[in-house]
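Good morning, colleagues. Please turn to the sequence and the structure that I am about to show.

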Amino acid sequence: MTLPIDATLIAARNDAEQRAVRSDYAHLGEQLERRGIQIDQVREQVARFGVAIPSWGVGTGGTRFARFPGQGEPRHVFDKLQDCGVIQQLARATPTVSLHIPWDKCSDWGELREAAGFHGLGFDAINSNTFSDQPGQAHSYKFGSLSHTDAATRAQAVEHNLECIEIGQQIGSKALTVWVGDGSNFPGQQHFRRAFDRYLESARQIYAALPGDWRMMLEHKICEPAFYSTVIQDWGSSLMAAQLLGPKAQCLVDLGHHAPNVNIELILARLLSADKLAGFHFNDSKYGDDDLDAGSVSPYRLFLVFNELVAAAKEGLAFDPAYMLDQSHNVTDPIESLMTSAIQVQRSYAQALLVDRAALDAAQEANDALTATHLLKQAFQTDVTPLLQRVRLDGGGAIDPVATYRASGYRNRVAQTRPAAAGGGGGIV
Ligand SMILES: [Mn+2]
């Protein structure tokens, strides 16, 4: 068994470009040195950065109207893992995979762990699903899961989360991500406070089953599938629930799960102050939870998120955010989108490392708004491309992951063994 992309192809393509990359890197190093920044130190920090790939992200996504699958769609979790292996082999920024149960259920978790090891991948948080019904399920989630009015439905949803923890333990996960679609579509449909209380009662049972070194990550969402109210609607509800549950419960921020124009970097600052920031789901949006590729519309906002995280780390806050891409690839090859998005997230992190923190502190103390905002812009407008290319080159990846991927013919190759997927019906994944 060999890695999915031929190593000699990667090396040949890198050889053709590496002289230019080293020259560009040296030039960027000179520019940064004039600003008092050692480029090699930044490069080492960026090389240690990783963002998880959601297993469902390697399949073509869709909207509630339709899905248009591409060639060679993954058939099962082992195919998904192989596609994640391609992403990590070429882009070197995604060392972990986040599984989703029951979509990724398999009969031998040990075998799956071995396959992940072969690709140099580990497993990040495990995701439960009580927002859709599975074949043979006794109770429907049409009207909710953890907060359902019916006790037996709530018990079934709790039981599913306990199963996710058991599976997670077998593959080396350390966190359970809980997002529920619970809510209402009509004013008056749901008693807001009672629904929240029922959610808490169920969540407490899940929390009680967490292993000592695990975290429970609560993901809020303003709407969809419930379009009038959701039980864990915003960071306020999420923070209340996390505080009531205990120290192992924290709040997960998905960039697409807010009202338009909400200041997300401020939310994360508040969650950091409360020691409740679990991590992030990265994507981008224009109108709502559009699940666009990270940084494709608002790269500055992505940078501002990392600016807060880097500042908090530098100021000595003890936190360990889990990062994951969570987006829907409807019109692109998901492997290309995920590589590009991981690099975009990595780019934002690198740019945030370039902010002159001492000068920013001084500008803030002096109420010099223009200088403060200029310092952020200076970091954001620095083209760190050569630095990211060097990180990939040093890590055995591709200087240009998308071009190398296209040259490898991987998609056509897997399409020969993976049957064409049916299109038509809606569904985000
Ligand atoms: Mn998410």
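I shall speak about the sheet, the helices that pack on it, the nonpolar core and two helix pairs.

Please keep in mind throughout that this is a predicted model.

Let me begin with the sheet. It is open and has 6 strands, in the order β4-β5-β7-β9-β10-β11, with parallel pairing. Which strands stand at the edges? They are β4, residues 126-127, and β11, residues 322-325. Each has a single partner strand, so one side of each is left without a neighbour in the sheet. As a general remark, strands of a sheet pair through backbone hydrogen bonds, either parallel or antiparallel.

At the β11 edge, the neighbour is strand β10, residues 277-282, and 4 bridges join these two parallel strands. One bridge partnership to look for is that of Phe282 with Leu325 in β11. Helix α8, residues 264-273, packs on the sheet, where it touches β9 and β10. The direction of α8 makes about 170° with that of β9.

A further helix belongs to this part of the picture. Helix α7, residues 235-245, lies across β7 (215-219) and β9 (249-254), and runs at about 160° to β9.

I turn now to the interior. The largest nonpolar core has 103 residues, and Met217, Leu218 and Cys251 touch the most other members. Helix α10, residues 334-353, supplies the largest share of this core, with 10 residues. What does Cys251 touch, leaving aside residues up to four places away in sequence? Its contacts are Leu218, Trp235, Ser238, Leu239, Ala242, Leu271, Lys276, Leu277 and Ala278. In soluble globular proteins, nonpolar side chains tend to be buried together.

Helix α10 also takes part in a helix pair. Helix α2, residues 39-47, packs with α10 at an angle of about 145°, their axes being 10 Å apart. The crossing is right-handed. From α2, the contact draws on Val42, Gln45 and Val46; from α10, on Gln346, Tyr349, Ala350 and Leu353. By class, these comprise 5 nonpolar and 2 polar residues, with no charged ones.

The second pair consists of helix α5, residues 151-171, and helix α6, residues 192-208. Their axes come within 9 Å and cross at roughly 35°. Here too, α5 passes α6 in a right-handed crossing. Arg154, Ala157, Val158, Asn161 and Leu162 of α5 meet Arg198, Ser202, Gln205 and Ile206 of α6. This contact divides into 4 nonpolar, 3 polar and 2 charged residues.

Thank you for your attention.

Methods. Residues numbered from 1 in each chain as written. Predicted model: local features only at pLDDT ≥ 70, side-chain atom pairs only at ≥ 80, totals over all residues. Core = buried A, V, L, I, M, F, W, Y, C linked by C-beta atoms within 7 Å. Buried ≥ 20, exposed ≤ 12 C-beta atoms within 10 Å, placed from the backbone. Helix = DSSP H or I, 4+ residues; strand = E, 2+ residues; numbered from the N terminus. Contact = placed C-beta atoms within 7 Å. Pairing = 2+ DSSP bridges. Axes fitted to C-alpha atoms, helices over the stretch in contact; angles between N-to-C directions. Left-handed = near helix turned anticlockwise from the far one by under 90°. Nonpolar A, V, L, I, M, F, W, Y, C, P; charged D, E, K, R; others polar.
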